[in-house]
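Open your viewer and get ready to select residues by number. This short tour visits charged side chains that pair up.

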Amino acid sequence: MDTKFARRTERIGRTTCSYWRAGRCNKNPCRFLHIETPSPPAACGYGNTAYSYGKKPHSSSENTPKYGSKKALLRDNGDRGDATRMAKAFKKSSPRICKYWINNNCVHGEQCLYLHSWFRGDGFSTVTKLQEHKKVITGIALPVGSDKLYSGSTDGTVRIWDCHTGQCAKVINLGAEVTSLISEGSWIFVGLQNAVKAWNIQTMSEFTLDGPKGRVRAMTVGNNTLFAGAEDGVIFAWRGSSKADSPFELVASLTGHTKAVVCLVVGCKMLYSGSMDQSIKVWDMDTLQCTMTLNDHTDVVTSLICWDQYLLSSSSDRTIKVWACIEAGSLEVIYTHTEENVSVDLILCVEISFGFIFMCKKSS
């Protein structure tokens with residue numbers, strides 16, 4: 001009996017406290033270790049923690065690691081050093097961000113098998129964080145030749161940031177949600193409820209463009225024309241005017257979408273619009289007439305970009321589609337990428353820069 005008790009005590013003394021790992025051990029002193037043992041830890045709450053919470057483990061068939069999985073690799077490899085190296089290799093290849101790190105309570109540190117960073121890849125690093133907005137940021141713009149960054153938010157403000165210091169140099173309180181923001185030349189365009197604000201950062205002049213109904217969710221500029229997509233599905237088009245008191249003239253209202261327009265892009269002499277009605281419409285830039293409607297997405301079309309001769313679209317249906325023009329002149333999908341890594345994902349936007357495709361997602 002004494003021998004069994006001694007062995008049990010010795011085993012307990014070598015075991016890491018599962019409650020300490022979860023950040024909720026309230027015993028002092030605790031009979032278990034409050035340090036990591038040499039064996040690789042569970043993946044920050046994503047592994048099997050049945051014993052940690054006093055539950056019975058699943059059946060042996062359910063617990064058997066699949067061939068090639070990280071659990072199988074760790075189980076089949078007797079060398080602890082190799083197992084640790086495999087765990088680190090898995091961490092580098094895993095696209096999932098540690099949910100405990102997000103809440104600042106991951107206790108595994110560098111040994112965690114999941115990412116402790118918002119981004120991956122060589123050559124990328126965070127310079128600074130601009131965190132003074134109180135609600136969702138709906139647009140950012142860096143005008144050409146300017147050392148000021150402009151950001152708009154649903155908190156009703158536009159903030160102007162000094163690019164050298166990273167500090168907020170000015171706050172403009174508009175008293176209404178900013179739903180989009182872009183820049184073109186010396187102009188800053190701010191999408192609001194039922195209007196677009198136009199600011200010239202050189203002359204400090206300001207104009208209000210009326211016409212849209214509801215929130216202006218998307219804007220773009222092409223062929224000396226400003227396009228603004230509104231909540232009622234209508235796209236408004238203003239062209240530059242020589243009038244000093246009104247440098248923008250409303251030239252057209254593009255109708256066809258049945259729900260809010262949420263993204264716009266100009267490319268290949270065409271205007272492309274994505275909507276909550278799940279469609280993409282193609283508009284001729286000269287006639288401002290709709291020439292084509294694309295209906296391959298099954299949810300909101302959240303972002304559009306033109307890249308060379310291709311059109312890329314992302315959607316809340318978890319897909320990114322690549323469209324190409326065929327001989328008949330219509331656009332067809334030549335490739336579809338589906339995001340399946342997270343149970344509920346919304347692909348909010350895609351962007352191409354330096355030869356890379358960047359994707360912004362919202363996870364529940």
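The stops below follow salt bridges through this predicted model.

**Before you start.** How many salt bridges does a search of the whole structure find? The search finds 5. Three pairs are on this tour, including one that belongs to a network.

**Stop 1: select Glu132 and Arg159.** These two form a salt bridge. Their closest N and O atoms are 3.0 Å apart. Now show the backbone. The pair links distant parts of the chain, 27 residues apart. Glu132 sits in the loop between helix H6 (99-102) and strand S1 (137-141). Arg159 is in strand S3 (residues 157-162).

Turn on the surface. Is Arg159 buried or exposed? Arg159 counts as buried because its relative accessible area is 10%, under the 20% cut-off. Its partner Glu132 is partly exposed, at 34%.

**Stop 2: select Lys197 and Glu206.** Their side chains meet in a salt bridge, 3.4 Å from N to O. Check the surface at Glu206 too. Glu206 is partly exposed, with a relative accessible area of 49%.

**Stop 3: select Glu231 and Arg215.** Here the closest N and O atoms of the salt bridge are 2.6 Å apart. This pair also links distant parts of the chain, 16 residues apart. Arg215 lies in strand S7 (residues 206-222). Glu231 is in the loop between strand S8 (225-230) and strand S9 (235-240). Glu231 is partly exposed, at 27% relative accessible area. Arg215 is partly exposed, also at 27%.

**Last stop: add Arg217.** Keep Glu231 and Arg215 selected. Which residues are linked in a network of salt bridges? They are Arg215, Arg217 and Glu231.

Key: Residues numbered from 1 in each chain as written. Predicted model: local features only at pLDDT ≥ 70, side-chain atom pairs only at ≥ 80, totals over all residues. Heavy atoms only, no water. Salt bridge = Lys/Arg side-chain N within 4 Å of Asp/Glu carboxyl O. Helix = DSSP H or I, 4+ residues; strand = E, 2+ residues; numbered from the N terminus. Buried < 20%, exposed > 50% of the residue type's maximum accessible area, 1.4 Å probe, protein only.
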